[in-house]
Amino acid sequence: MATPTPTAIRDGLRSIVGDRMSTTPPDRTAYARDLWPRTQLDRLVGDPPERPLAVVWPTSPEEVAAIVRLCAAQRVPIVPFGAGSGVCGGARAVPGGIVVDLKRLKRIRRIDRAAMVVEVEAGFVGERFERTLERHGLTLGHFPSSILCSTVGGWVAARSAGQCSSRYGKIEDMVVDLEVVTGDGRIRRTARAGGLDWNPIFTGSEGTLGLITAATLRVHAQPAARAFRGWRMPSVAAGLEVMRRTMQAGLRPAVMRMYDSLDTLLVGSKDDAKGGQLGRLKAIFAGTGQVDALKQRATRAALASPRLLNFAVDRLPDTALLVTVTEGSEAEARRTDEAIADYALAVGALDLGEQPGRAWMAHRYDVSYKQSKLYRAGAFVDTFEVATTWDGIQPLYHAVRRAVSAEVLVMAHFSHVYPGGCSIYFTFAGTGRDPADMRRRYARVWQQALDATVARGAAIAHHHGAGLSRRSHMPATHGEAARWFAALKAACDPAGILNPGKLFAPDDIPRAEGGR
Amino acid sequence: MSAWRFERHPRLGSGRTDGRRWWVRPGRPDALPGLLTAAGRWRPVYGPPDEIDGAVIADAETLIDISALDAVRSVAPESGVVHVEAGCTWEALETTLGRRGLTLGPVPRWLVGRPIAETLAAGPPARPSPRYGDVTDGLLALRAALPGGLTNCAVSPRRATGPDFGRIPVGADHRAGLITDVHLRVWPVEPGRAWRRVRFAGWAEARAAALAVLADGIRPAWWCLRRALRQVSLDMQFDGPRLDRQAERLDALLAGFDGQADPPEAAERFADTRLWRPGAGPTVLSAVQHVAGPDLAGAVEGIPRVEVWDLRPEGATVHVAREAAAPPPDGAWADLAERVFAALDGAGEGGR
């Protein structure tokens with residue numbers, strides 16, 4: 001088949017969506033990437049992401065299906081796009097492909113109070129969705145830090161977790177039914193499915209098996225009461241013990257979040273600061289005055305000696321701040337708070353009262369998205385979340401710290417707590433001689449952190465997805481399961497156009513035998 | 001006398017054959033990929049060939065007996081995780097865990113005596129436990145053999161990257177590979193238990209009361225709604241910390257509904273017929289299960305013997321003690337699943 005010309009593709013798209021498409025350079029540049037920090041370094045090195053041929057804004061699943069059929073016929077890659085807040089490159093444009101922005105699929109189709117489910121289109125932005133539910137006395141219970149700039153479809157596609165995942169679960173626990181456009185251009189509903197359980201297959205598939213156009217999600221009544229608390233733990237180990245005992249007793253706190261020594265120092269020193277550690281670092285590099293310039297130079301100089309910094313961090317007192325939020329009926333919120341208090345006091349923790357919990361709640365979405373100034377000023381930051389079972393948490397924490405401490409300053413908090421374990425959310429910051437050196441160092445840090453995680457048998461992510469940043473370690477994580485992915489891909493995306501290259505590198509996908 | 005005799009197969013190794021098919025019994029999961037490659041149309045079985053229902057294995061060229069893959073490989077009480085080979089039965093596993101003061105949570109009696117691989121391959125087994133969740137909620141990782149090798153799933157409290165590969169073989173009738181071993185969530189055995197039974201005039205009232213319990217954050221360890229004479233009975237079992245306060249809160253909640261409380265012992269006796277206890281026999285209920293929507297009364301209308309499990313606001317698992325019309329699967333999806341199985345070289349031809 002002859003390669004279609006960009007003009008032919010654009011004409012075809014225009015026949016489906018009319019003027020709701022763009023081929024202008026600003027739009028194509030804006031949609032070439034998500035918030036993967038590595039992109040900043042690529043740009044500084046002069047290696048920016050490839051721009052898509054076009055960006056389209058369909059308004060219905062039927063239009064999405066028509067776009068998929070057109071692209072499948074012409075072998076044009078499609079990258080689905082929500083609000084672009086992904087940090088793993090999952091929505092990075094593919095050469096010769098188009099971007100399908102789903103944000104105009106933004107209707108709530110149904111609120112069923114009897115069944116406590118809501119059917120919502122994929123492009124609905126999270127914060128607006130939650131506010132809409134609140135007007136009905138409901139909540140999804142899904143509050144990712146990115147809630148202001150992420151969509152329901154993105155949550156499902158990337159297997160997102162909200163800050164209250166210990167109570168409400170991750171997004172996969174909320175999915176009742178999905179509407180998906182598969183690579184053959186058919187609109188399918190998973191609730192009527194057969195043969196396989198399709199919800200857990202499309203959830204987390206990052207647009208590689210189908211474009212999620214709507215989801216039916218479980219919702220809950222707004223909590224009638226909340227209780228906040230902060231605890232000064234005598235050690236990280238003691239805090240982990242409290243978290244574990246709480247969850248294994250069948251309790252469901254909304255939030256249990258514990259900061260390691262350095263993170264505790266930073267949070268404790270300025271608990272009203274916006275944006276956490278990343279925000280503070282970004283704020284330093286966003287300033288333009290003379291004082292800011294001095295701060296920037298000092299910070300860069302410090303980051304140039306990560307070994308020394310981490311050595312100092314290792315000698316901080318082993319205390320940890322544990323923040324808890326419990327909610328539900330008044331009785332449940334109180335019952336859970338009191339049970340946590342029993343466990344905390346038993347390990348010698350100090351009750352800090354409500355303030356730490358309330359402060360955390362007030363700034364829970366204070367994430368700074370201004371990356372470029374920091375990177376241009378010669379520093380880089382990123383986050384890296386992993387998860388494992390309780391007996392592996394501390395060894396994993398130390399293993400990752402050890403693996404990257406020669407390259408970057410690293411700190412962490414422990415959150416997303418479940419009966420079986422929890423996640424560790426690392427933040428790292430570094431610098432380099434020049435952009436190319438920074439990019440090499442950044443790549444080494446990721447490689448070393450992922451190697452250390454795989455070596456401990458832990459999960460290489462918790463809720464950011466895989467995209468491009470973790471695909472190198474997907475074969476090691478999943479082993480022969482890559483063959484399942486190949487089979488799913490062959491069945492759901494026979495033309496191979498759906499977000500190709502994401503999750504698994506093409507060379508890591510075994511050849512499927514019988515796919516049509 | 002058995003028609004099965006021991007022989008040596010050129011590719012499968014030692015086994016037994018009746019002249020038409022082979023029976024092999026691997027002792028290690030890592031032997032399975034090679035077996036699947038050489039086995040032609042295979043079927044997993046549990047036990048010697050003389051004891052297996054002929055209809056089940058009619059088309060198979062090779063019977064792969066995984067009953068020797070029954071080791072409990074490790075128990076991590078701190079993490080609440082057990083790693084067990086999939087030929088182990090639920091009963092054997094729960095017995096082993098019980099010796100260590102651990103439990104899977106309530107084990108429905110019809111899982112007793114059945115191997116983990118068999119029940120998972122047949123579909124996600126329902127379990128009526130708001131506190132401990134469904135059986136698949138506790139499935140932290142699953143490994144399967146494919147002709148090219150073994151899959152690998154990092155043990156994590158939640159799935160993290162990509163589709164939940166560990167769910168692909170669940171309900172796939174071994175057509176997406178042969179389940180070899182799983183990591184399951186286990187819990188400390190709680191020292192105390194309490195039971196409650198309340199009878200209501202109809203399904204709607206019983207459902208409303210049960211959902212109010214959930215909404216209040218009370219999580220029964222087990223519950224069951226069922227028709228009892230002309231009423232609907234809600235039976236519940238509780239465990240966990242602060243049991244007295246849970247019970248107190250529960251009684252206050254249920255007092256707001258027009259129900260009639262029975263002695264707790266009635267619920268305890270009924271629970272004993274539905275949940276496995278050490279020394280208990282197999283199930284007395286032959287049931288089919290299907291998922292109903294929120295209109296519970298409509299879903300069970302006209303069905304004489306019915307039990308409702310896994311009740312959530314959006315629906316429930318309905319167990320009917322007779323052949324009942326479960327909703328047929330969507331043809332287009334079934335076709336897509338067939339394409340997935342076909343794309344799995346070897347497995348498409350084999351495990352079915």
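**Group meeting: how chain B meets chain A**

Let's start with one pair: Glu314(B) makes a salt bridge with Arg218(A), and their closest N and O atoms sit 2.3 Å apart. Bear in mind, everyone, that this is a predicted model.

So how many salt bridges are there between chain B and chain A? The count is four. On top of that, there are polar contacts across the interface of chain B and chain A: 24 residue pairs, with both partners at pLDDT 80 or more.

Okay, which parts of chain B do the touching? At least two residues apiece come from β9 (139-146), β10 (149-150), β12 (187-188), α5 (243-254) and α8 (331-343) of chain B. The top contributor on that side is α8(B), which gives eleven residues. If you sort the chain B residues that touch chain A by type, you get 35 nonpolar, 19 charged and eleven polar.

Now the whole contact. Chain B puts in 65 residues, and chain A puts in 88. As for area, people often quote the size of an interface as the accessible area lost when the parts come together. Here chain B and chain A bury about 6200 Å² between them, and carbon and sulfur atoms account for 59% of it.

Last bit, the layout of chain B. The domain assignment splits off domain 1 at 5-65, domain 2 at 72-189 and domain 3 at 194-320. Going by C-alpha atoms, the centres of domain 1 and domain 3 of chain B are 43 Å apart. And our opening residue, Glu314(B), is the one bridging to Arg218(A). That's me done, thanks.

Key: Residues numbered from 1 in each chain as written. Chains lettered and ligands numbered in written order. Predicted model: local features only at pLDDT ≥ 70, side-chain atom pairs only at ≥ 80, totals over all residues. Heavy atoms only, no water. Domains from an automatic or database assignment. Contact = heavy atoms within 4.5 Å. Buried area = accessible area lost by both parts, 1.4 Å probe. Salt bridge = Lys/Arg side-chain N within 4 Å of Asp/Glu carboxyl O. Polar contact = N/O pair within 3.5 Å; in protein donor to acceptor, adjacent residues only side chain to side chain. Helix = DSSP H or I, 4+ residues; strand = E, 2+ residues; numbered from the N terminus. Nonpolar A, V, L, I, M, F, W, Y, C, P; charged D, E, K, R; others polar.
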